[in-house]
Amino acid sequence: MKEMDGLWVKCKQCQQIFLVKELEKNLKVCRCGYHYRMTAKERIDSLIDEGTFIEWDKELVTKDPLRFPGYAQKIQKCQSDTSMAEAIITGQGDIHGIPVAIGAMDSRFIMASMGAVVGEKIVRAAEKALEKGWPLILFSASGGARMQEGVLSLMQMARTSAALTRLSEAGLPFFSVLTDPTTGGVTASFAMLGDLIIAEPGALIGFTGPRVIEQTIRQKLPAGFQRSEFLQKHGMVDIIIERPKMKAQLATLLSLHMPMAGGVNS
C-alpha cells in the first residue's frame with residue numbers, strides 16, 4: 001500500500017515514525033492501536049494455520065460485461081498491481097485446527113467494489129461451506145457495488161444475501177468481519193447479515209459516507225459517527241477485536257458456535 005512504501009512509515013493517528021518491518025510484524029497495527037489496511041493475502045496468512053489454505057475459484061475473472069469506458073484497462077492495471085484476479089480471495093483452511101470457509105476482500109482492487117465476479121465468489125464460498133458443513137467467515141473492506149457493472153453489480157446484493165440465508169437455514173454459522181472501510185452495497189447486503197458481526201477498531205462502516213449525510217441533512221454528525229466503536233454502542237456491531245487477537249478469538253468463537261452447526265465436518 002502506498003502509505004507504507006519505503007523503509008519508514010508515519011502513523012496517521014499518533015504521528016510517530018516506525019520502520020515498516022516493525023509495523024508489519026505487528027500485523028500493520030501501530031503501538032497506539034491504529035489499524036492500517038491489510039491485503040487479502042496478508043489477512044489470510046495472519047489467520048489460517050500454515051499450510052492449510054486452499055484457494056477457490058481463482059480462475060474467475062471479470063469480462064467487462066457492459067463495455068464500460070476504461071473499465072477493462074482499470075481491471076488489467078489492478079490485476080498487474082495486486083497479482084490478484086479480482087477483489088476477493090476465497091478458500092478453505094484451518095483456524096487453530098478448526099476447518100472454515102473464508103473470504104477476504106482487498107481494497108487495492110477498485111476499492112474492493114462488488115461486481116459480478118466478487119458476488120459469484122462469495123455465493124460459491126457460501127455454497128461450499130454448506131456442502132462441507134463448515135462455518136463461513138468473510139472479511140469485508142469495500143467501497144460498495146461496482147458502478148461499472150450497473151445492475152449486474154446490484155444483483156450481487158440479493159444473490160449473496162440469498163446464499164447466506166441458505167447457510168443460516170442449515171444452522172451453519174456465518175461470521176462477518178468488518179474492516180476499514182465497509183460501505184455501500186456491501187454494507188447493505190452480506191456484510192451486515194452475520195450471525196456474529198465483528199469489527200476491527202476504528203473501521204469506517206456505513207452505507208453513505210458522513211460527508212454526504214451531513215450535506216443532505218444539513219446537520220453536524222456526532223464525533224466518531226460510522227466508526228466501529230459508534231456502531232457497537234448503537235447495537236449494529238456485536239464485538240470489536242484488535243487484529244493481533246483476531247485469530248485466537250475467532251477460534252474461541254468458532255468452538256462456541258460449532259454445537260449450533262451440529263459439529264464441523266473435515
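Here are three short exercises on this predicted model, each with a worked solution.

**Exercise 1. Helix against helix**

Find how helix H4 and helix H5 are oriented to each other, and which residues make their contact.

*Solution.*
- Step 1. Locate the helices: H4 covers residues 116-132 and H5 covers residues 150-169.
- Step 2. Read the geometry. Their axes lie 9 Å apart, at an angle of about 5°.
- Step 3. Apply the cut-off: angles under 35 degrees count as roughly parallel. H4 and H5 are therefore roughly parallel to each other.
- Step 4. List the contact. H4 brings Ala 116, Gly 119, Glu 120, Ile 122, Val 123, Ala 126, Glu 127, Ala 129 and Leu 130. H5 brings Gln 156, Arg 159, Thr 160, Ala 163, Leu 164, Arg 166 and Leu 167.
- Step 5. Sort by class: the contact has 9 nonpolar, 3 polar and 4 charged residues.

**Exercise 2. A pocket and its lining**

Describe the second largest pocket by its volume and its lining.

*Solution.*
- Step 1. State the volume: about 150 Å³.
- Step 2. Name the lining: Lys 41, Ile 44, Asp 45, Ile 48, Asp 49, Glu 50, Gly 51, Thr 52, Phe 53, Glu 55 and Ile 89.
- Step 3. Find the main contributor. Helix H2, residues 40-47, gives the largest share, with 3 residues.
- Step 4. Sort by class: 5 charged, 4 nonpolar and 2 polar residues form the lining.

**Exercise 3. Two domains**

Give the domain bounds, the distance between the C-alpha centres, and the number of contact residues on each side.

*Solution.*
- Step 1. The domain assignment sets domain 1 at 1-36 and domain 2 at 38-257.
- Step 2. Their C-alpha centres are 23 Å apart.
- Step 3. Domain 1 puts 6 residues into the contact, and domain 2 puts in 8 residues.

Definitions and conventions. Residues numbered from 1 in each chain as written. Predicted model: local features only at pLDDT ≥ 70, side-chain atom pairs only at ≥ 80, totals over all residues. Heavy atoms only, no water. 1 Å grid on protein atoms, 1.4 Å probe; cavity = no way out; pocket = protein on both sides within 12 Å on 5 of 7 lines; lining within 4 Å. Points joined across faces, edges and corners; volume = space filled by probe spheres on them. Helix = DSSP H or I, 4+ residues; strand = E, 2+ residues; numbered from the N terminus. Nonpolar A, V, L, I, M, F, W, Y, C, P; charged D, E, K, R; others polar. Axes fitted to C-alpha atoms, helices over the stretch in contact; angles between N-to-C directions. Parallel < 35°, antiparallel > 145°, perpendicular 65-115°, else oblique. Contact = heavy atoms within 4.5 Å. Domains from an automatic or database assignment.
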